[in-house]
Amino acid sequence: MKNVPYSFVLRRLATILAIAILALSLLAAITGILLSFYYEPTAGGAYNSLKMIKFEIPNGWLIQRIHEIAGNGLIGVSLIEIVVMFLGEKFRPSWLTAWISGILLTLTAIALSWTAMLLDWTQVGYWRFQIELGTLEAIPIIGSLLRTILTGGGAVNTVTVAHLYTLHSYVLSIGALILAIIHLGGLLIQEKEEKQVLQETQANLSLSE
Ligand code: HEM
């Protein structure tokens with residue numbers, strides 16, 4: 001009986017965090033789409049268009065800031081969610097669905113942040129990307145293939161920005177949204193199952209009295 005409130009708190013916390021995760025994903029996706037109206041995915045053009053978004057477009061800075069906070073917040077909240085779910089583990093299909101989708105979502109959120117590294121086309125982003133590209137290339141067997149996919153086969157240039165932008169704004173962001181929905185769905189089913197178990201236990205108790 002002593003661990004009932006503890007597991008209840010963890011379960012509720014996981015569900016609340018899943019709602020926050022979905023909200024952050026939606027916010028990042030919406031602000032990302034707004035950014036894409038003015039963003040130019042080319043070398044040089046990326047830097048200039050983001051400068052224009054920040055300083056010339058009305059409320060552009062706000063949209064960019066919200067996108068940054070929602071995107072990075074998503075990584076933080078997903079990591080906390082993994083810890084909360086680990087502590088309240090229940091090896092049922094609903095929990096496992098939420099657990100696996102939660103881990104995949106965290107990895108996707110990190111990949112979204114990683115693919116955004118070059119999207120602002122600043123010196124820091126460019127050189128950081130060059131270093132990380134070297135690390136990726138060192139991976140046996142698939143290393144050079146990964147480099148080719150990301151850069152388009154040549155140096156880091158407009159094609160690379162376009163590839164990262166496509167991965168970021170279409171593949172990964174849609175993946176993150178789908179995973180956030182599955183994650184919340186799994187936890188809501190878990191809530192329903194727990195409620196049923198509680199009701200059955202209460203009914204059995206009142207029968208035995
Ligand atoms: C679930 C959806 C998304 C997430 C979690 C996400 C996350 C991020 C993150 C973490 C950054 C780096 C921000 C920073 O630290 O400066 C970023 C940048 C960016 N994202 Fe997204 N993003 C999402 C969807 C989109 C979509 C749909 C688009 C466009 C159609 C987009 C366009 C951009 C652009 C242009 C940047 C560069 C902005 C900058 O460096 O200031 N994002 N995103």
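Me: What makes His67 a polar contact of the ligand in this predicted model?
Reply: An N or O atom in the side chain of His67 is 2.7 Å from a nitrogen atom of the ligand. The cut-off for such a pair is within 3.5 Å, so this one counts as a polar contact.

Me: Which elements give two or more residues to the shell around the ligand?
Reply: They are helix H1 (4-36), helix H3 (60-87), helix H4 (93-115) and helix H7 (158-208). Helix H3 gives the largest share, six residues.

Me: How do you know that Gln64 and His168 make polar contacts with the ligand too?
Reply: Try the same kind of check. For Gln64, a side-chain N or O atom is 2.3 Å from an oxygen atom of the ligand. For His168, a polar side-chain atom lies 2.8 Å from a nitrogen atom of the ligand. Pairs within 3.5 Å qualify, so both are polar contacts.

Me: Where does the ligand sit?
Reply: The ligand sits in the largest pocket. Of the 23 residues around the ligand, Gly32, Gln64, His67, Asn72 and His168 come nearest.

Me: Why is Ala176 called buried?
Reply: Good one to work through! Ala176 has a relative accessible area of 3%. Buried means under 20%, so the word fits. Ala176 has its place in helix H7.

Me: What is Ala176 in contact with, leaving aside its neighbours within four places in sequence?
Reply: Ala176 is in contact with Ser25, Leu105, Thr108 and Leu112. As for Ile21, 155 residues apart from Ala176 along the chain, the two C-alpha atoms are separated by 9.7 Å.

Definitions and conventions: Residues are numbered from 1 along each chain as its sequence is written. This is a predicted model: local features need pLDDT of at least 70, side-chain atom pairs count only at pLDDT 80 or more; totals for chains, interfaces and linings use all residues. Side-chain values use heavy atoms; hydrogens and water are left out. A residue is near a molecule or strand if one of its heavy atoms lies within 4 Å of it. A polar contact is a pair of N or O atoms within 3.5 Å; within protein, one must be able to donate a hydrogen and the other to accept it, and residues adjacent in sequence count only if both atoms are side-chain atoms. On a 1 Å grid over the protein atoms alone, a cavity is a set of points where a 1.4 Å probe fits but cannot get out, and a pocket is an open set with protein on both sides within 12 Å along at least five of seven lines; lining residues have an atom within 4 Å of a point. A molecule sits in a cavity or pocket if more than half of its atoms lie within 2 Å of its grid points. Helices (H or I, at least four residues) and strands (E, at least two) are DSSP runs, numbered from the N terminus. Buried means under 20% relative accessible area, exposed over 50%, partly exposed in between (1.4 Å probe, protein chains only). Contact means heavy atoms within 4.5 Å.
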